[in-house]
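The following questions and answers examine one protein model step by step. Each answer sets out its reasoning before it arrives at the value or name requested.

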Amino acid sequence: MSNQRKAYLWGLASVGMWSTVASAFKITLEYLDPFQLLLFSSLFSLLFLAAINFIKGTFRQIKQITRKQILISFLLGVLNPFLYYLVLFKAYDLLPAQEAQPINFTWALTLTLLSIIILKQKIRKREILAGGVGYLGVLVISTHGNLTGLEFSNGTGVLLALGSTVIWALYWIYNTKSTIDATLGLFLNFLFGVPFIFIACLLFSNISIQLPGLLGSLYIGAFEMGITFVCWLTALKLSENTARIGNLIFISPFLSLVLIHIFVGESIRPSTLIGLIFITISILIQRIPDKKHTA
């Protein structure tokens, strides 16, 4: 089997697993509040990431990590998993999964906008067009297609879902400053983030365990926060062209809607599908290469 075919298989496996997590979030939040879900899923993810790093042998690199790299990993751990998933889980708690998931998918647009602001990248007409089309999709989804009335299904939930994209984009922007192996870096992020999560859970919730919630947290910790990330990195590493694998991610939100309908029982609104199409088109617009690079 060629490396490119293996890359597609790893990529499709990642997309398949990521497509299930919106349903898993919504189902598990019936048994746990966002603080409890974040605590248990992060602990499980930490165990999975520890096992992955042990198998890969990357723990041996810890001796070479500088204080600056440790500080960067600490700050990144505050962003992800602590702030990002806390905001995201609360958004899922307030919104139907079919709304929270597509809005969170706009993180690629947010990443571009913040790169322009923080990294001083030049803004192109394409970015303006993509942002307009993408956030029009968000409006269609969050107002159920009633753009003239601008009555949001849950304004706080929409703001939190959009806020999660800001935190996630900031995480990836500042993650470029880390020179640590990707899987080891992610382990350190969770190692530093879990104490904050534990304290937040004690202050604003309680640590109670129900078996369905625990099983849901195990699934989320494995397939949203841990194993899938490694599968995706493997796919990118094996692929002859990262764009071929990167484009597979567009399957995920549409497959996710199907699974939300099947497992969560939500009737998918036409406005959700239309809004998601707008968002997908906006991200595709961003990916059109410049003429000077294709000449």
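Helices are DSSP runs of type H or I with at least four residues, numbered from the N terminus. The structure is a predicted model.

Q: By about how much of the helix are Tyr219 and Phe223 separated in helix H9?
A: Helix H9 covers residues 211-223 and contains both Tyr219 and Phe223. An α-helix has 3.6 residues a turn, so residues three or four places apart point the same way. Because Tyr219 and Phe223 are 4 residues apart in H9, their separation is about one helical turn.

Q: Is the aromatic pair of Tyr219 and Phe223 stacked, tilted or edge-to-face?
A: A pair of aromatic rings is described by the distance of the centres and the angle of the planes. For Tyr219 and Phe223 the centres are 4.7 Å apart and the planes differ by 50°. Planes under 30 degrees apart count as stacked and those over 60 as edge-to-face. The pair of Tyr219 and Phe223 is therefore tilted.

Q: Are Tyr219 and Phe223 buried, partly exposed or exposed?
A: Buried means under 20% relative accessible area, and exposed means over 50%. Tyr219 has a relative accessible area of 30%, and Phe223 has one of 24%. Both values lie between the two limits, so Tyr219 and Phe223 are partly exposed.

Q: What is the angle between the ring planes of Tyr84 and Tyr85?
A: The whole structure holds 17 aromatic pairs. Tyr84 and Tyr85 form one such pair, with 4.7 Å from centre to centre. Both Tyr84 and Tyr85 are buried. Their pair is edge-to-face, and the angle between the planes is 70°.

Q: Which residues of the largest nonpolar core touch the most other members?
A: In soluble globular proteins, nonpolar side chains tend to be buried together. The largest nonpolar core here has 68 residues, and helix H3 supplies the largest share of them, 12 residues. Within this core, the residues touching the most other members are Phe89 and Tyr92.

Q: Are helices H1 and H3 roughly parallel, roughly antiparallel or roughly perpendicular to each other?
A: The axes of H1 (residues 3-28) and H3 come within 9 Å and cross at roughly 70°. Ala22, Phe25 and Lys26 of H1 meet Leu88, Phe89, Tyr92 and Asp93 of H3. Crossing angles from 65 to 115 degrees fall in one class, so H1 and H3 are roughly perpendicular.

Q: How many residues of helix H4 are buried?
A: Helix H4 spans residues 97-104. Among its buried residues are Ala97, Glu99, Pro102 and Asn104. The helix is largely enclosed by the rest of the structure, because the number of its residues that are buried is 8 of the 8.

Q: Which backbone oxygen does the side chain of Thr28 reach?
A: Thr28 is placed in helix H1, and its relative accessibility of 3% makes it buried. Not counting residues up to four places away in sequence, Thr28 touches Leu37, Gly213, Gly216, Ser217 and Ile220. At 2.7 Å, its side chain reaches the backbone oxygen of Ala24.

Q: With which side chain does the side chain of Thr58 make a polar contact?
A: Thr58 is situated in the loop between helix H2 (34-56) and helix H3 (67-94). This residue is buried, with a relative accessible area of 4%. Beyond its neighbours within four places in sequence, Thr58 is in contact with residues including Asp181, Thr183 and Leu184. The polar contact, at 2.5 Å, is made with the side chain of Asn53.

Q: How far apart in space are Leu76 and Thr183, C-alpha to C-alpha?
A: Leu76 lies in helix H3 and is buried, with a relative accessible area of 3%. In sequence, Leu76 and Thr183 are 107 residues apart. In space, their C-alpha to C-alpha distance is 14 Å.

Q: Is His144 buried, partly exposed or exposed?
A: His144 is found in the loop between helix H6 (125-142) and helix H7 (155-175). Its phi is near 60°, a positive value in a residue other than glycine. With a relative accessibility of 34%, His144 counts as partly exposed.

Methods
Residues are numbered from 1 along each chain as its sequence is written. This is a predicted model: local features need pLDDT of at least 70, side-chain atom pairs count only at pLDDT 80 or more; totals for chains, interfaces and linings use all residues. Side-chain values use heavy atoms; hydrogens and water are left out. Rings of Phe, Tyr and Trp (its six-membered ring) pair if their centres lie within 6.5 Å; planes under 30 degrees apart count as stacked, over 60 as edge-to-face and the rest as tilted. Buried means under 20% relative accessible area, exposed over 50%, partly exposed in between (1.4 Å probe, protein chains only). Helices (H or I, at least four residues) and strands (E, at least two) are DSSP runs, numbered from the N terminus. A polar contact is a pair of N or O atoms within 3.5 Å; within protein, one must be able to donate a hydrogen and the other to accept it, and residues adjacent in sequence count only if both atoms are side-chain atoms. Contact means heavy atoms within 4.5 Å. A nonpolar core is a set of buried Ala, Val, Leu, Ile, Met, Phe, Trp, Tyr and Cys residues joined through side-chain atoms within 4.5 Å. Axes are lines fitted to C-alpha atoms, for helices over the stretch in contact, and angles run from 0 to 180 degrees between N-to-C directions. Angles under 35 degrees count as roughly parallel, over 145 as roughly antiparallel, 65 to 115 as roughly perpendicular and the rest as oblique.
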